[in-house]
Amino acid sequence: MELAESLEECLRRFNNADSVEVRENGSRVATVEKFSWELRGAPAKPILRLSLEQYSATHRILAIRKDSDISLTLSIERFGTTRPGRLEFVRVDYVRASREVARQEFSARLARILSERFPDDVLESLKIAPDLEHSFSSNYARGVLRHGSARWALLAVPDSETIATSENSLTFGLLWLAHVCETSRQSAQFQRGGRNLRVRSSQ
């Protein structure tokens with residue numbers, strides 16, 4: 001099978017995607033909702049022309065480096081240069097779905113670990129769904145742990161999240177504590193200390 005034929009088959013998989021992220025050499029250059037492309041030139045060394053509202057470019061394709069339902073990575077020859085480049089297409093809808101599954105799995109695993117580490121405590125709540133009204137995203141698992149008359153607000157960050165998310169965890173942890181105190185009838189009984197627990201999130 002010629003490269004052009006294989007490439008056309010790979011690109012057609014992105015035609016029905018909700019949105020596609022375009023990356024050049026690892027950097028995002030655009031996120032498009034309507035994926036439009038054209039192949040021309042020699043079958044063994046085709047030329048890919050992208051005519052997108054947010055991004056337009058023409059590249060000579062050297063090889064298909066990686067192909068899956070989620071992403072397509074191509075080795076390209078950039079016009080005017082002799083050094084090969086890398087062009088990627090990533091289905092944003094697939095990435096979001098995969099991330100949500102990972103977050104839900106982390107939340108379930110965290111609940112099991114809390115019950116094992118703190119058998120005398122009661123996990124009153126644990127959620128990882130976004131709460132836009134109170135500015136909480138799904139980046140963090142948030143919950144309430146009760147020990148006798150004392151109650152603890154807890155916030156955890158899956159290892160699959162970005163470094164920036166981890167660095168901002170203290171800020172969101174304080175916001176979560178304040179929110180729980182405001183909505184709790186027993187806010188005066190909250191302990192303003194902390195417990196350290198690290199849970200690794202598998203990829």
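In what order do the three strands of the open sheet lie? In this predicted model, the order is β8-β9-β10, and the pairing is antiparallel. The two edge strands, each of which pairs on one side only, are β8, covering residues 122-127, and β10, covering residues 150-156. From one strand to the next, the twist of this sheet averages 15 degrees.

Within this sheet, strand β9, which comprises residues 141-147, is joined to β10 by seven bridges in the antiparallel sense. In this pairing, leucine 145 is placed opposite tryptophan 152 of β10. Across β9 and β10 lies helix α4, formed by residues 169-183, and this helix runs at about 145 degrees to β10.

Antiparallel pairing is also found among strands β4, β5 and β6. Strand β4, spanning residues 47-51, pairs with strand β5, spanning residues 56-67, over five bridges, and arginine 49 stands opposite threonine 58 of β5. The connection from β4 to β5 is a hairpin of four residues. Strand β5 is in turn joined by six bridges to strand β6, which is made up of residues 71-77, and here isoleucine 61 faces isoleucine 76 of β6 as its opposite residue. A hairpin is again formed, in this case with three residues between β5 and β6.

The largest nonpolar core of the model contains 23 residues, and those with the most contacts inside it are Phe35, Leu48, Leu50, Leu74, Leu87 and Phe89. At least two residues of this core are supplied by each of α1 (3-12), β1 (20-24), β2 (27-32), β4, β5, β6 and β7 (84-91). The largest share, amounting to four residues, comes from α1. A second core, separate from this one, has ten residues and includes Phe106, Leu114, Ala141 and Leu154.

The surroundings of leucine 87, one of the residues with the most contacts inside the largest core, can be described in further detail. When neighbours within four places in sequence are left aside, leucine 87 is in contact with Val22, Arg23 and Glu24, with Leu48 and Leu50, with Tyr55 and His59, and with Leu72, Thr73, Leu74 and Ile76. Among these contacts, Leu48, Leu50 and Leu74 are themselves listed with the residues that have the most contacts inside the core.

Two further residues, valine 20 and asparagine 25, illustrate contrasting settings. Valine 20 is found in strand β1 and has a relative accessible area of 1%, so that this residue counts as buried. Although valine 20 and phenylalanine 89 are 69 residues apart in sequence, their C-alpha atoms are 6.3 Å apart in space. Residues up to four places away in sequence not being counted, valine 20 touches Phe14, Ala30, Thr31, Val32, Phe35, Phe89, Val90 and Val92. Of these, Phe35 and Phe89 also appear with the residues that have the most contacts inside the largest nonpolar core.

Asparagine 25, by comparison, lies in the loop between β1 and β2. This residue has a positive phi of about 50 degrees, although it is not a glycine. The relative accessibility of asparagine 25 is 38%, and the residue therefore counts as partly exposed, a class that falls between the limits of 20% for buried and 50% for exposed residues.

Technical notes: Residues numbered from 1 in each chain as written. Predicted model: local features only at pLDDT ≥ 70, side-chain atom pairs only at ≥ 80, totals over all residues. Heavy atoms only, no water. Pairing = 2+ DSSP bridges. Axes fitted to C-alpha atoms, helices over the stretch in contact; angles between N-to-C directions. Contact = heavy atoms within 4.5 Å. Core = buried A, V, L, I, M, F, W, Y, C linked by side-chain atoms within 4.5 Å. Buried < 20%, exposed > 50% of the residue type's maximum accessible area, 1.4 Å probe, protein only.
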